[in-house]
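Work through the exercises below with the sequence and the coordinates at hand. Each task is followed by a solution in steps.

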Amino acid sequence: MLQGVSVLVAGAGLAGLTAARDLVAMGAAVTVIDPRERVGGRISTIRNGFHSGQHAEAGADLIDDVHTELRQLVESLGLKLVQILKHGWAYARRDENGIVRRVPRDEAHGWERLAGALAPLIERYNLAERRWESPIVQAMARQSIAQWLESSHADAELRVSAAGLRGFFLADPDELSLIAIVDEFSTDDTPIAPKTFRVVGGNDQIATALAAPLGDRLRLNTELVALSQRGPRVRASLKHKRQTQQLTCDYVVCTLPASVLRRIPITPALPSQQHEAIATLKYGRATKSLLQFSSRFWKVPGQPSAYGSGLPFGATWDANEEQRGKPAILTLLAGGSASDATQEAVGREGAPALVRQLEWLGSQRAQLLAAHHVSWEADPYARGGYAFFDPAFAPELRRWLAQPCGRIFFAGEHTSLRWQGYMNGAVESGRRAAAEIAAAHALGSVAPRA
């Protein structure tokens, strides 16, 4: 189907590696580049520094049962999934005395109350058939969640629940557009999935399994610095160490986050709408802390081992319940301003500052053995955890994030309509970009510049 066709894939995360896999299967001559020393992008399994050979996910972690494309990919690679967090999620919040307590699941109605309060907006969203170019959506998108809470005279409980969303969207209520949560709550799938999985042995095995067949067609430590379309070919300027070289190909699949892509010159320039969409898309601040303790002090039979919160440490869950050994690792995901607070606390006092914030969970009953922290906004090849939509982002521009431009095609979680922010979105978008190239080539032309 694509014999004799050359394709450069920029980015060796899930989107790029999945696109490469499909393109190779169609006969294309594929080159995959990535500026990192490893594959996987925002999948990052930490294996060094933990006792008893344990590991944990510093990047993308949880796989939901509704992530069909991702689960099928994992199975096709011969990897296995293990169900985790079987008792679901609960909530941690301060009581009237300021003491942090666990809120039992039957008393934690945050998601349900948010869904109920959003019901009239969801109805209008569905009337617009979920089209982001609709004036209905544009009116919602201009509001932040904080503004909506204020205008709807939300009570304290609803505001606390909304604050907890920063562990999900990586943005605070005053940063996040109202349309983001309307869109999320408008489907049958709740933000907290009924079943959750991760890959046995580490999520990074997905990327390494996809990369293995590429051999020398994979070039790490290689950065895309410019793209130029001239006639039926694309010329890419690539930087490896201190040397720059040119690579000419028939098509390019660009899977770089918009936060990185907007720094790369493309000539001729992208259409103005596409340029604006890429330039204005925001990425959430996200600090992930992996704390290994001498025992799994948070485990209570029949009770959740995952907690959302609007508190400075963010959300927390069991990072390796499926692994053997007495030590155990707890994940803390601090999004938005919680990421700032976590970085400040760790910078000032180290990991013990976080341990003290977990005393409500019983951290005083165990010894801290190891700690690892990753702030994704400080990563030069990500510049954030994943994309989110703020009130300044024009919703009608969303479709432009995935719009092919000449011989350049785009993929990545930020281009996904249903699964933006998820590994599943990266996988689906990579497959979509590969199929778009095949379709454009079969037509004997390329996607028109709109």
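**Exercise 1: the surroundings of Thr-415**

Thr-415 lies in the loop that runs between strand S23 (408-410) and helix H14 (423-442); helices (H or I, at least four residues) and strands (E, at least two) are DSSP runs, numbered from the N terminus. The model is predicted, so local features need pLDDT of at least 70, side-chain atom pairs count only at pLDDT 80 or more, and totals for chains, interfaces and linings use all residues. Residues are numbered from 1 along each chain as its sequence is written, and side-chain values use heavy atoms, with hydrogens and water left out.

Task: determine whether Thr-415 is buried or exposed, and which residues it is in contact with beyond four places in sequence.

Step 1. The relative accessible area of Thr-415 is 7%, so Thr-415 is buried (under 20%; exposed is over 50%, partly exposed in between; 1.4 Å probe, protein chains only).

Step 2. Neighbours within four places aside, Thr-415 is in contact with Leu-401, Ala-402, Phe-410, Ser-429 and Arg-432 (heavy atoms within 4.5 Å).

**Exercise 2: the pair Tyr-251 and Phe-409**

Task: classify the ring pair of Tyr-251 and Phe-409.

Step 1. The structure holds 11 aromatic pairs (ring centres of Phe, Tyr and Trp, its six-membered ring, within 6.5 Å; planes under 30 degrees apart are stacked, over 60 edge-to-face, the rest tilted).

Step 2. For Tyr-251 and Phe-409 the centres are 6.0 Å apart and the planes stand at 65°, so the pair is edge-to-face.

Step 3. Tyr-251 belongs to strand S14 (residues 251-254) and Phe-409 to strand S23, 158 residues apart.

Step 4. Both Tyr-251 and Phe-409 are buried.
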